[in-house]
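Please read the following points with the structure open beside you. Each point takes up one topic and may be checked against the coordinates in turn.

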Amino acid sequence: MWIIFLMGEDFMIKSSLKENKITTLLSESLEKNIATLKDIFIDDDTIAIRFITNCHNTMLKYCIVHNDGLINASIINENIIKPLMLSKVELSRGQQIDILIHQVVLINQVKKTKEWQEIIEAVTYGDTILFIDGESEVLILNSKGFNIRAIAEPDNEKVINGPREGFGEALMMNLSMIRRRLRNNELKIKFRSFGKRTHTQACICYIDSIVNKNVLEELYRRLDTIDIDGVLDTNYITELIRDSRFSPFRATGYTERPDVVVGKLLEGRIILLVDGSPVALTLPYLFIENFQSNEDYYMNFYYSSLARFLRIFSFILSITVPSLYIIIVAFNQEIVPTTLLTNLVRERMGVPLPAVLEVFVMLILFDILKEAGIRVPSGIGHALSLVGGLVIGQAAVSAKLVAAPMIIVVAVTAITGMLVPRVDASVIYLRLLLLILSATFGILGFISGSLIIMTHLLNLHSFGIPQLTPMEELKYQEVKDTFVRGPWWKMLNRPEVLTKNKTRLGSEDRGDCD
Amino acid sequence: MQKEMISMWQAISIIVLFLFGSTAVMGMNSGAGHDSWIALIVASLFGGVLVLVYARLIRLLPGMDFYDMAQTVFGKIIGKIIIALMAWYAIQLSALVLRSFSEFIQIVSLMETPQLVVMVTMLLVTGYMVFSGIETLAKWVMIALALTLGIVLFTMIISIRQSDFSNIFPILEHDFSTMGKATLNLFVFPFAETVIFLTLADSIKKSDNVYKIYLSGIFIGGVVLLMLFLRNVLILDVPMQNEIYFPSYAAARVASIGEIFARIEMSIFANFVLGCIAKLSICILAAVKGVKKLFGIKKNGRTLFFISLLILVVSKVQFENVMELITFSEIYPYYAMPFQIAIPILVWIGAEIKMRKKSRK
């Protein structure tokens, strides 16, 4: 349903723009206007046109236009057609538009316009256009009513504790979820539209007194430069406005959960929502956010801190384990205890490939398996796990194609990589870079590679803010929410790099501690 | 663009890592045997005095690097000569560090890999780091310092069982001239090499206390070097230590606890690589800055590229083999002193006179 809606819109505007820039103005003649409209929406059968005449005064002629499938028919029948037909209000041809708004149509949002472009955008978004004979203006009446997915918990951000609501595809519904959680007048919500052809609605939210004004300005500046024909998901915008465009790491965050969005807003971040996508964009993005999860804040801080630490540790492991294995096997055997070394050597005996090639082959096989797991229809997923686990794992070892420790290395790499899904793509590249360097230069290559990665991370900025927090001096308020998740009564300040308005907690709550 | 600034602790970390960057592995073959640690303490005291001059210079002309200072004090022509000399020193020092580094790598790890390949790899890494600017470099140095200090402590702790505390006796068995020479060696390499930091002085915030930065840098670096030296002597004993080119590496090879923590020389290796890259990139940064000032070049990337090439050539051509490198290290003190002591003191005196004149007006 939703996809059809989007495609239809795209098609319509394409056909109308192809012809002309629509310079003709609205005329006072109803017939002329409808003829122009038909011309604009030529070859589009979803446009419904209906003429109406008032039954008390047949001089009053109207015409309503809407796009079938995007509207709520009962609104149009009851609140537009019925009052227009039956209205007993004194109306005269040519001077009735304001009276219609005030006394006749029963619609919550009404807008006057003279622009064809605006009419096109309104019709394709489910509004009804009211053409009035004798007026050179039309009314845009809100009659939207399309089917949307119900609110559900997002699949990729499931939690055990905490709110389960997730964003949907309809912008206004998403905004309502944010607004419900932030009931004050400081939440600013600004609309914009992107895409020369899709005219996708987007909105920028921030809390006025907390947000960093420089970041906001920079965001607007970058958004102004966007000149793209279609925006179907938030990622279109992400890639257009991000810093250091060639970096494999994210420069903006994403989430599908309103509670996360509100949390980010309260830390001084800016949210960008795009109609048609359940994914909200959050910026600026700190590197540590890769390892944060909303659940950290809903659970005991001891447990959350451990989880946070495990995630960071896994990130490091996932990048380094294959190259460390290569270093141990091929360069510095001496650091392995003797018993382990003999086991390693025994396992590797009779294996045809050198360890480096083995790692390469197995890692790439794993990535193939993973991609297949995502793309495959769920019905045959079972076969995939059978092939992956049994054939590539066990059978390869017993056939002496790969050494058994290799399977463990790949498994550890894979599992640790899954702990931090937000840096998934970058981890694959960094892993390969380190692997190549370590295979060539041993530990020297490993350290050089890590240095390059480290320098790259330190170079990363998000909207002018360094992604790895400036580590000038380690203050508790700076690290409270990074390697550990400090208890709420200790999180006195907001992250310093994000905002100047620091105080989050009035004062340390000594109520029930001590 | 906003000027790149570093914080006080970052500046201190740069000095500390600079101090024991290459010393950590090259060891301190000062020639004084048991008494090297006394020579080290005396040398760090002298180093402390020398850096007072450097700090005073920065205090007199705040917000400037050494190249700018020379030009403001002595005018354009002499200033340019000083810039050329200091830039050359930076290039030469980088070449020296790079060469000793690649020799080390060849001896302990990659016997069959050509040194040129190792050098080019190193220069690519340092090139990227220098290109990223001093802010990134300083942040990175703090992380590297934490890592290296951690490794030093770790090796010290696990080598306690192998340590023989009687190794430091007898104390003061050498005569005065040997001690003097040892002190001079240690003073020039590494303490007085902190003159390179003067060329980065424009990145220090004006509100920060330069004396504190320099002195605590020297102090922390001196303590770490002392610990390193004691560790090596306690594990290896002196005759052994003097025989080996890379005593730290050998010491870590011996240290062990049980089966698991054995043969941890890889960690010393890592330490050395970290320290060398830090020292190398700071020197290259200084050289790039100097050459840019000297010829009035604006393009950072290209200058960096050609300086790196120059360093590669110099370090390759300078010495035929490792023996020449070691022979050179004997005359190095007399070669380096003009750059480390004479030129800064000259600029300092000039600056004092200039400032007096200015304040009189």
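1. In this predicted model, Pro284(A) is placed in the loop between S10 and helix H10 (301-331) of chain A. The peptide bond that leads from Leu283(A) to Pro284(A) is cis, its omega being near -5°.

2. Chain B offers a further cis peptide bond, from Phe189(B) to Pro190(B), with omega near 20°. Pro190(B) also belongs to a loop, namely the one between helix H7 (176-188) and helix H8 (195-198) of chain B.

3. A backbone angle in chain A deserves a remark as well. Asp43(A) is a residue other than glycine, and its phi has a positive value, near 65°. Asp43(A) is situated in the loop between H2 and S1 of chain A.

4. What is the order of the strands in the sheet to which S1 of chain A belongs? The sheet is open, has five strands and follows the order S1-S2-S4-S5-S3 in chain A, with antiparallel pairing. Strand S1 (47-53) and strand S3 (110-113) of chain A are the edge strands, as each pairs on one side only. On average, neighbouring strands of this sheet are turned by 25° against each other, direction ignored.

5. Within that sheet, strand S2 (residues 61-67) and strand S4 (residues 128-132) of chain A run antiparallel and are joined by four bridges. Cys63(A) has Phe131(A) of S4(A) standing opposite. Helix H2 (residues 30-40) of chain A packs on the sheet, where it touches S1, S2 and S4 of chain A, and the direction of helix H2 makes about 15° with that of S2(A). Helix H5 (residues 116-123) of chain A lies across S1, S2, S3, S4 and strand S5 (138-141) of chain A, at about 140° to S4(A).

6. Chain A holds another open sheet of five strands, in the order S6-S7-S9-S10-S8 and with antiparallel pairing. The edge strands here are strand S6 (187-194) and strand S8 (253-255) of chain A. From one strand to the next, the twist averages 25°.

7. How many bridges join S6(A) to strand S7 of chain A? Eight bridges do so, and the two strands, S6(A) and S7 (residues 200-207), run antiparallel. Ser193(A) has Gln201(A) in S7(A) as its bridge partner. Helix H9 (residues 258-266) of chain A packs on this sheet, with S6, S7, S8, strand S9 (270-274) and strand S10 (280-283) of chain A among the strands touched, and its direction makes about 50° with that of S7(A).

8. The student should next consider where the chains meet. In the interface, 32 residues of chain B are in contact with 25 residues of chain A. About 2600 Å² is buried between chain B and chain A, and carbon and sulfur atoms give 73% of this area. Tyr128(B), Lys139(B) and Met266(B) supply 25% of the area that chain B buries against chain A, more than any other three residues.

9. Across the interface of chain B and chain A there are zero salt bridges, while three residue pairs are in polar contact. Helices that give two or more residues to this side of chain B include helix H4 (66-108) and helix H12 (265-295) of chain B. The residues on the side of chain B that touches chain A comprise 21 nonpolar, six polar and five charged.

10. Over all chains, the structure holds 34 salt bridges. One of them is formed by the side chains of Lys370(A) and Asp424(A), at 3.4 Å from N to O. Lys370(A) lies in helix H12 (residues 355-375) and Asp424(A) in helix H15 (residues 424-441) of chain A, so this pair ties together parts that are 54 residues apart in sequence.

Conventions
Residues are numbered from 1 along each chain as its sequence is written. Chains are lettered from A and ligands numbered from 1 in the order in which they are written. This is a predicted model: local features need pLDDT of at least 70, side-chain atom pairs count only at pLDDT 80 or more; totals for chains, interfaces and linings use all residues. Side-chain values use heavy atoms; hydrogens and water are left out. Two strands pair if DSSP finds at least two bridges between them. Axes are lines fitted to C-alpha atoms, for helices over the stretch in contact, and angles run from 0 to 180 degrees between N-to-C directions. Contact means heavy atoms within 4.5 Å. Buried area is the accessible area (1.4 Å probe) that two parts lose on being put together, summed over both. A salt bridge is a side-chain nitrogen of Lys or Arg within 4 Å of a carboxyl oxygen of Asp or Glu. A polar contact is a pair of N or O atoms within 3.5 Å; within protein, one must be able to donate a hydrogen and the other to accept it, and residues adjacent in sequence count only if both atoms are side-chain atoms. Ala, Val, Leu, Ile, Met, Phe, Trp, Tyr, Cys and Pro count as nonpolar, Asp, Glu, Lys and Arg as charged, and the others, Gly among them, as polar.
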